[in-house]
Amino acid sequence: MEIRYYFDLLRRWAWLLLLGIVLGGGLAFAASRLTTPVYSATTTLLVSESKNSATPDYTGLLTSERLAKTYSELIKKRPVLEEVIKNLQLSLSVQALAASVIVQPVRDTLLIQVSVENTNAQLAARIAAELTKVFIEKNTDLQSSRFEASRQNLADELSSLDKEIKSAQASLEAVKASATPGLESDRARLETSLSELRRSYASLLQSYEQIRVAEAQTVNNVFVVDPPEAPRGAVRPNTSFNTIAGLVIGLLLAIALALLIEYLDDTVKTPDDVQQILGLTALGTVLRQTNPERNKMLITATQPKSSFSESFRTLRTNIQFSSVDKPIHSILVTSAGPGEGKSTLAANLAVAMAQAGHHTVLVDADLRRPSLHRLFDITDQAGLTNGLVTDSVVALNGNLHVSPIENLRILTSGPRPPNPAELLGSKRMHNLLEALKQESDMIIIDSPPALAVADASILASKVDGVILVVESGATRRGLAQKAKAQLEQVGAHMLGVAVNKLSARSAGEYYYYYYYNYYYYSSDEKSPDGERKVIRRKSSHSEKTLRARVKRLIARFRTTT
């Protein structure tokens with residue numbers, strides 16, 4: 001599939017893409033503006049390792065990372081959160097507070113980032129500060145609890161020895177102050193006991209200090225290195241980012257929807273589809289009229305210089321060159337289904353043939369739902385059926401209507417028969433067509449839809465060529481293929497396909513054909529009531545510039561002459 005196909009696809013669905021962008025961006029912007037802003041306060045903690053575990057090898061680094069991860073989990077545990085809620089008197093549950101706390105260790109460091117989100121910026125900073133404070137206190141208490149018993153026992157023994165030392169000291173002072181003879185032995189005993197008590201106290205005090213040193217060397221401390229501050233801006237919603245994301249998502253969804261519609265749409269839309277699906281040549285294209293009533297008008301007769309009349313002249317020229325070896329004198333115009341504009345196209349084609357100087361006969365062979373008499377505003381009381389039930393020469397001379405258009409005669413359907421297929425397949429129908437060929441240069445026959453009844457297949461074997469009319473965006477591919485196969489099965493000579501009611505959105509490069517045609521014919525185009533009518537379309541900047549230059553050159557030429 002060519003890249004041009006995708007460009008044409010984007011151009012055709014530009015309105016849907018624009019709608020997706022507007023809706024996506026607008027909804028994202030509105031949702032962001034209506035969402036309550038959330039603020040985030042961040043603090044950074046430093047985990048100070050114990051001296052005994054500070055090893056420079058890989059094991060020490062791995063231990064440090066695991067320690068930071070462990071602390072990151074402990075910060076969000078229930079005891080810490082409950083203490084924070086109690087201290088700050090928060091109206092939050094433990095689960096709600098835990099959901100608002102984000103703890104992230106900084107890789108390859110002993111740093112931990114703690115972030116607290118809240119709709120109140122000041123409260124977010126207070127919760128972050130209190131959270132780190134409570135965690136540090138609980139961590140310190142937990143680390144110190146391992147040495148608490150030993151330290152307390154030594155403290156009690158030191159206190160008891162201190163009392164004994166003081167008591168022995170007082171007794172010794174009393175003996176020294178006494179003048180009683182014979183107390184020298186008591187004095188020596190007291191001095192010896194005091195010395196032993198002091199040695200025991202010194203030993204216990206040394207053990208107490210050793211415990212304190214061991215505690216200081218093995219306890220991991222946590223410090224706040226970056227205290228939290230009240231944030232100035234909200235972390236979410238990010239209106240700019242959300243709007244841009246909404247624009248992109250809306251565009252992608254619109255593209256996906258357009259591709260889905262194109263995939264599910266199995267109709268014939270452009271002449272390129274005709275070539276790919278049916279393998280037939282697109283003899284011509286007719287744009288869809290903005291006024292639906294104009295699709296049922298004889299534009300080639302009422303507006304011969306319009307761009308739409310030129311499309312039928314192009315169709316006429318392509319038909320004349322479609323079969324070089326075998327001249328075309330009779331053409332059957334049919335379609336796959338009803339309502340595709342075959343009758344109007346056949347009538348305008350007949351007018352275009354007559355305007356080129358060809359003696360043309362337009363035959364309404366749709367004996368079930370005839371419509372050509374309404375287009376030309378003539379009666380259908382006598383016509384084809386009269387010629388089939390009587391002598392063909394009499395029908396040829398008496399039932400042909402002379403139209404106001406030079407070189408064009410019309411054979412209407414006549415009274416509706418009960419057996420149309422039998423009449424059209426009869427020998428008299430063949431003789432009638434041969435008689436008409438002797439009296440004209442071109443016979444154009446409007447027949448019923450090929451898939452509706454067998455009339456078209458019957459007539460297809462009696463003419464020189466068949467034109468299959470497809471309505472752009474309405475005729476399904478399968479039906480068009482089935483109609484082609486059915487006509488070819490009876491030996492019909494398929495001249496090609498006429499794409500009718502082609503929308504400007506689906507026209508692609510064919511649109512420029514009509515624009516260039518409009519450039520030459522729009523100035524002379526008039527509406528049926530005689531007033532000048534100009535077809536307008538949105539022009540690009542280059543086209544507007546070109547028109548302005550042409551107008552200036554014409555004005556300059558008139559001034560100089």
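Two strands count as paired here if DSSP finds at least two bridges between them. With that in mind, let us walk through this predicted model, beginning with the chain as a whole.

**Overall picture**

The chain holds 23 helices and 12 strands. Of its 561 residues, 42% count as buried. Among contacts with a separation of 6 or more, 80% are between residues 24 or more positions apart. About 31,000 Å² of the chain is exposed, and carbon and sulfur atoms supply 55% of that area.

**The eight-stranded sheet**

Eight strands make up an open sheet with mixed pairing, in the order E5-E12-E11-E6-E10-E7-E9-E8. Strands E5 (282-287) and E8 (401-402) each have a single partner strand, so one side of each is left without a neighbour in the sheet. Helix H13 (residues 342-355) packs on this sheet, touching E5, E6, E7 (360-364), E9 (408-411), E10, E11 (465-471) and E12 (494-502). The direction of H13 makes about 170° with that of E10. Helix H20 (residues 477-489) lies across E6, E11 and E12, and runs at about 170° to E11.

**The four-stranded sheet**

Another open sheet has four strands in the order E2-E3-E1-E4, with antiparallel pairing. At its edges stand E2 (101-105) and E4 (221-226); each has a single partner strand, so one side of each lacks a neighbour in the sheet. From one strand to the next, the twist averages 30°.

Here is one strand pair from each sheet, with a pair of facing residues:

| Strand pair | Direction | Bridges | Facing residues |
|---|---|---|---|
| E6 (residues 330-335) and E10 (residues 442-446) | parallel | four bridges | Val-333 and Asp-446 |
| E1 (residues 39-48) and E3 (residues 111-118) | antiparallel | eight bridges | Thr-44 and Gln-113 |

**Nonpolar cores**

Which residues have the most contacts inside the largest nonpolar core? They are Val-363, Leu-384, Met-429, Leu-436, Ile-445, Val-466 and Val-470, in a core of 42 residues. A second, separate core has 30 residues, including Leu-298, Ile-331, Val-333 and Ala-347. Val-333 is thus a good residue to look up in both views: this member of the second core stands opposite Asp-446 in E10.

Val-466 also rewards a closer look. Leaving aside residues up to four places away in sequence, Val-466 touches Leu-332, Thr-334, Ala-460, Leu-487, Ala-492, His-493, Met-494, Leu-495 and Gly-496.

Definitions and conventions: Residues are numbered from 1 along each chain as its sequence is written. This is a predicted model: local features need pLDDT of at least 70, side-chain atom pairs count only at pLDDT 80 or more; totals for chains, interfaces and linings use all residues. Side-chain values use heavy atoms; hydrogens and water are left out. Helices (H or I, at least four residues) and strands (E, at least two) are DSSP runs, numbered from the N terminus. Contact means heavy atoms within 4.5 Å. Axes are lines fitted to C-alpha atoms, for helices over the stretch in contact, and angles run from 0 to 180 degrees between N-to-C directions. Buried means under 20% relative accessible area, exposed over 50%, partly exposed in between (1.4 Å probe, protein chains only). Accessible areas come from the Shrake-Rupley method with a 1.4 Å probe; for residues, only the protein chains shown count as cover. A nonpolar core is a set of buried Ala, Val, Leu, Ile, Met, Phe, Trp, Tyr and Cys residues joined through side-chain atoms within 4.5 Å.
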